[in-house]
Amino acid sequence: VKEGQVILFPKGFSTAAYQMIFRDRKFYSGFVVSTMRTVLGMALGITVQCMLGYALSKKHLFGRKLFRRIVLFAVLFNGGIIPTYLTVCYTGIFDSIWALVIPPLINPWNVIILMNFFSSIPESLEESAIIDGANDITIFFKIAIPLSKTIIAVMCLFYATAMWNQFFNPLMFLSG
(Lines give C-alpha, C1' and ligand atoms only; values in the text may rest on other atoms or scores of the structure.)
Protein backbone atom coordinates (compact mmCIF):
# COMPACT_ATOMS: atom_id res chain seq x y z
CA VAL A 1 0.00 0.00 0.00
CA LYS A 2 1.42 3.31 -1.03
CA GLU A 3 1.35 6.32 1.27
CA GLY A 4 -1.84 8.36 0.98
CA GLN A 5 -3.80 5.54 -0.60
CA VAL A 6 -7.25 4.93 0.88
CA ILE A 7 -8.33 1.31 1.29
CA LEU A 8 -11.47 -0.26 2.65
CA PHE A 9 -9.91 -3.17 4.56
CA PRO A 10 -6.55 -3.08 6.38
CA LYS A 11 -3.63 -4.99 4.88
CA GLY A 12 -1.98 -7.12 7.55
CA PHE A 13 -2.30 -7.16 11.31
CA SER A 14 -0.22 -5.04 13.67
CA THR A 15 -0.30 -4.23 17.37
CA ALA A 16 2.30 -1.47 17.09
CA ALA A 17 -0.18 1.29 17.92
CA TYR A 18 -1.33 -0.50 21.10
CA GLN A 19 2.26 -1.15 22.15
CA MET A 20 3.06 2.53 21.71
CA ILE A 21 0.03 3.60 23.78
CA PHE A 22 0.74 1.17 26.63
CA ARG A 23 4.38 2.31 26.87
CA ASP A 24 3.33 5.93 27.43
CA ARG A 25 2.92 6.87 31.10
CA LYS A 26 0.39 9.58 30.22
CA PHE A 27 -2.07 6.89 29.19
CA TYR A 28 -2.04 5.39 32.69
CA SER A 29 -2.22 8.74 34.48
CA GLY A 30 -5.13 9.78 32.26
CA PHE A 31 -6.91 6.52 32.98
CA VAL A 32 -6.41 6.99 36.75
CA VAL A 33 -7.73 10.56 36.60
CA SER A 34 -10.77 9.48 34.57
CA THR A 35 -11.52 6.63 36.95
CA MET A 36 -11.09 8.79 40.09
CA ARG A 37 -13.24 11.55 38.60
CA THR A 38 -15.97 9.11 37.62
CA VAL A 39 -16.08 7.21 40.93
CA LEU A 40 -15.68 10.23 43.22
CA GLY A 41 -18.00 12.41 41.16
CA MET A 42 -20.66 9.72 40.97
CA ALA A 43 -20.56 9.01 44.71
CA LEU A 44 -20.74 12.67 45.72
CA GLY A 45 -23.14 13.65 42.93
CA ILE A 46 -25.67 10.91 43.62
CA THR A 47 -25.53 11.62 47.36
CA VAL A 48 -26.15 15.34 46.92
CA GLN A 49 -28.78 14.86 44.22
CA CYS A 50 -30.70 12.29 46.30
CA MET A 51 -30.72 14.57 49.32
CA LEU A 52 -31.86 17.56 47.26
CA GLY A 53 -34.50 15.54 45.40
CA TYR A 54 -35.85 14.12 48.67
CA ALA A 55 -35.97 17.53 50.34
CA LEU A 56 -37.75 19.13 47.38
CA SER A 57 -40.31 16.32 47.29
CA LYS A 58 -41.60 17.23 50.77
CA LYS A 59 -44.68 19.43 50.75
CA HIS A 60 -43.94 20.99 54.14
CA LEU A 61 -40.56 22.43 53.02
CA PHE A 62 -40.45 26.21 53.40
CA GLY A 63 -39.66 27.86 50.06
CA ARG A 64 -40.17 24.63 48.14
CA LYS A 65 -41.69 26.33 45.10
CA LEU A 66 -38.79 28.77 44.84
CA PHE A 67 -36.18 26.00 45.02
CA ARG A 68 -38.06 23.90 42.48
CA ARG A 69 -38.14 26.87 40.11
CA ILE A 70 -34.41 27.38 40.59
CA VAL A 71 -33.78 23.75 39.67
CA LEU A 72 -36.07 24.07 36.63
CA PHE A 73 -34.28 27.29 35.62
CA ALA A 74 -30.96 25.43 35.83
CA VAL A 75 -32.33 22.78 33.46
CA LEU A 76 -33.33 25.40 30.91
CA PHE A 77 -30.31 27.71 31.16
CA ASN A 78 -26.71 26.62 31.68
CA GLY A 79 -24.23 28.88 33.47
CA GLY A 80 -21.78 28.87 30.57
CA ILE A 81 -18.13 28.11 30.06
CA ILE A 82 -16.60 31.43 31.09
CA PRO A 83 -18.44 31.79 34.45
CA THR A 84 -17.62 28.16 35.27
CA TYR A 85 -13.95 28.70 34.42
CA LEU A 86 -13.78 31.89 36.51
CA THR A 87 -15.50 30.16 39.43
CA VAL A 88 -13.04 27.27 39.33
CA CYS A 89 -10.08 29.65 39.13
CA TYR A 90 -11.25 31.96 41.93
CA THR A 91 -12.12 29.13 44.32
CA GLY A 92 -8.59 27.75 44.06
CA ILE A 93 -9.50 24.29 42.82
CA PHE A 94 -7.93 24.74 39.37
CA ASP A 95 -5.62 21.87 38.36
CA SER A 96 -7.07 19.45 40.93
CA ILE A 97 -9.54 16.59 40.84
CA TRP A 98 -12.10 18.86 42.54
CA ALA A 99 -12.22 21.08 39.44
CA LEU A 100 -13.63 18.08 37.60
CA VAL A 101 -15.95 16.86 40.36
CA ILE A 102 -17.56 19.94 41.94
CA PRO A 103 -18.90 21.94 38.92
CA PRO A 104 -21.06 19.06 37.57
CA LEU A 105 -21.99 17.88 41.09
CA ILE A 106 -25.68 18.63 40.75
CA ASN A 107 -27.41 17.64 37.54
CA PRO A 108 -30.79 19.42 37.68
CA TRP A 109 -32.44 16.93 35.33
CA ASN A 110 -31.51 14.06 37.67
CA VAL A 111 -32.79 16.09 40.65
CA ILE A 112 -36.18 16.52 38.95
CA ILE A 113 -36.41 12.78 38.23
CA LEU A 114 -35.44 11.91 41.82
CA MET A 115 -37.82 14.53 43.21
CA ASN A 116 -40.73 13.03 41.29
CA PHE A 117 -39.77 9.53 42.38
CA PHE A 118 -39.56 10.50 46.05
CA SER A 119 -42.94 12.22 45.71
CA SER A 120 -44.45 8.88 44.69
CA ILE A 121 -43.48 7.18 47.96
CA PRO A 122 -46.63 6.85 50.07
CA GLU A 123 -46.88 9.32 52.93
CA SER A 124 -48.26 6.56 55.16
CA LEU A 125 -44.78 4.98 55.33
CA GLU A 126 -43.28 8.21 56.58
CA GLU A 127 -46.15 8.83 58.99
CA SER A 128 -45.74 5.38 60.54
CA ALA A 129 -41.99 6.00 60.91
CA ILE A 130 -42.68 9.34 62.62
CA ILE A 131 -45.08 7.60 65.02
CA ASP A 132 -42.29 5.13 65.79
CA GLY A 133 -39.97 8.04 66.64
CA ALA A 134 -37.95 8.44 63.44
CA ASN A 135 -36.73 11.85 62.30
CA ASP A 136 -36.32 13.07 58.71
CA ILE A 137 -32.76 11.77 58.36
CA THR A 138 -33.72 8.31 59.60
CA ILE A 139 -36.71 8.25 57.25
CA PHE A 140 -34.47 9.25 54.35
CA PHE A 141 -31.82 6.59 54.99
CA LYS A 142 -34.03 3.74 56.29
CA ILE A 143 -37.15 4.13 54.12
CA ALA A 144 -36.61 6.39 51.09
CA ILE A 145 -33.17 5.15 50.00
CA PRO A 146 -33.96 1.40 50.21
CA LEU A 147 -37.16 1.96 48.23
CA SER A 148 -35.29 3.89 45.56
CA LYS A 149 -32.43 1.51 44.78
CA THR A 150 -33.53 1.10 41.17
CA ILE A 151 -33.77 4.82 40.40
CA ILE A 152 -30.44 5.41 42.15
CA ALA A 153 -28.85 2.68 39.99
CA VAL A 154 -30.18 4.40 36.86
CA MET A 155 -28.93 7.79 38.09
CA CYS A 156 -25.50 6.24 38.80
CA LEU A 157 -25.39 4.91 35.27
CA PHE A 158 -26.38 8.29 33.79
CA TYR A 159 -23.94 10.20 35.97
CA ALA A 160 -21.01 7.83 35.49
CA THR A 161 -21.47 7.83 31.72
CA ALA A 162 -21.62 11.62 31.63
CA MET A 163 -18.53 11.97 33.83
CA TRP A 164 -16.52 9.40 31.88
CA ASN A 165 -17.38 10.96 28.51
CA GLN A 166 -16.44 14.53 29.45
CA PHE A 167 -13.53 15.71 27.39
CA PHE A 168 -13.59 19.48 27.53
CA ASN A 169 -13.60 19.98 31.33
CA PRO A 170 -10.31 18.11 31.94
CA LEU A 171 -8.82 19.89 28.95
CA MET A 172 -9.90 23.25 30.39
CA PHE A 173 -9.24 22.73 34.12
CA LEU A 174 -6.12 20.52 34.20
CA SER A 175 -2.69 21.53 33.03
CA GLY A 176 -0.13 19.02 31.80
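This short talk covers three helix packings and the largest pocket of one predicted model.

First, the ground rules. Residues are numbered from 1 along each chain as its sequence is written, and side-chain values use heavy atoms, with hydrogens and water left out. As the model is predicted, local features need pLDDT of at least 70 and side-chain atom pairs count only at pLDDT 80 or more, while totals for chains, interfaces and linings use all residues.

Start with α2 and α9. Helices here are DSSP runs (H or I, at least four residues), numbered from the N terminus. Helix α2 spans residues 25-56, and α9 spans 149-165. They pack at an angle of about 140°, with axes 9 Å apart. Axes are lines fitted to C-alpha atoms over the stretch in contact, and angles run from 0 to 180 degrees between N-to-C directions. That angle makes α2 oblique to α9. On the scale used, under 35 degrees is roughly parallel, over 145 roughly antiparallel, 65 to 115 roughly perpendicular, and the rest oblique. The crossing of α2 and α9 is right-handed, that is, the near helix is turned clockwise from the far one by less than a right angle.

Who makes the contact, meaning heavy atoms within 4.5 Å? From α2, the residues include F31, R37, M42, I46 and C50. From α9, they include I152, M155, Y159, M163 and W164. By class, the contact of α2 with α9 has eleven nonpolar, six polar and one charged. Nonpolar means Ala, Val, Leu, Ile, Met, Phe, Trp, Tyr, Cys and Pro; charged means Asp, Glu, Lys and Arg; the others, Gly among them, are polar.

Next, α2 with α6, residues 108-119. The angle is about 50°, and the axes lie 8 Å apart. α2 and α6 are therefore oblique to each other. Their crossing is right-handed. Q49, C50, L52, G53, Y54 and L56 of α2 meet N110, V111, L114, M115 and F118 of α6. That contact has eight nonpolar, three polar and no charged residues.

Third pair: α7 (123-131) and α8 (136-147). Here the angle is about 155°, with axes 11 Å apart. The two are therefore roughly antiparallel. α7 passes α8 in a right-handed crossing. L125, E126, A129 and I130 face I139, I143 and L147 across this contact. Six of these residues are nonpolar, none polar and one charged.

Now the pocket. A pocket is an open set of points on a 1 Å grid over the protein atoms alone, with protein on both sides within 12 Å along at least five of seven lines; lining residues have an atom within 4 Å of a point. The largest has a volume of about 760 Å³, the space filled by probe spheres set on the points. Of its 24 lining residues, N78, T84, P103, P104 and I106 are closest to the centre. Which helix gives the largest share of the lining? α4, with six residues. α4 (81-91), α9 and α10 (168-173) each supply at least two. The lining divides into 15 nonpolar, nine polar and no charged residues.

Terms used. On a 1 Å grid over the protein atoms alone, a cavity is a set of points where a 1.4 Å probe fits but cannot get out, and a pocket is an open set with protein on both sides within 12 Å along at least five of seven lines; lining residues have an atom within 4 Å of a point. Contact means heavy atoms within 4.5 Å.
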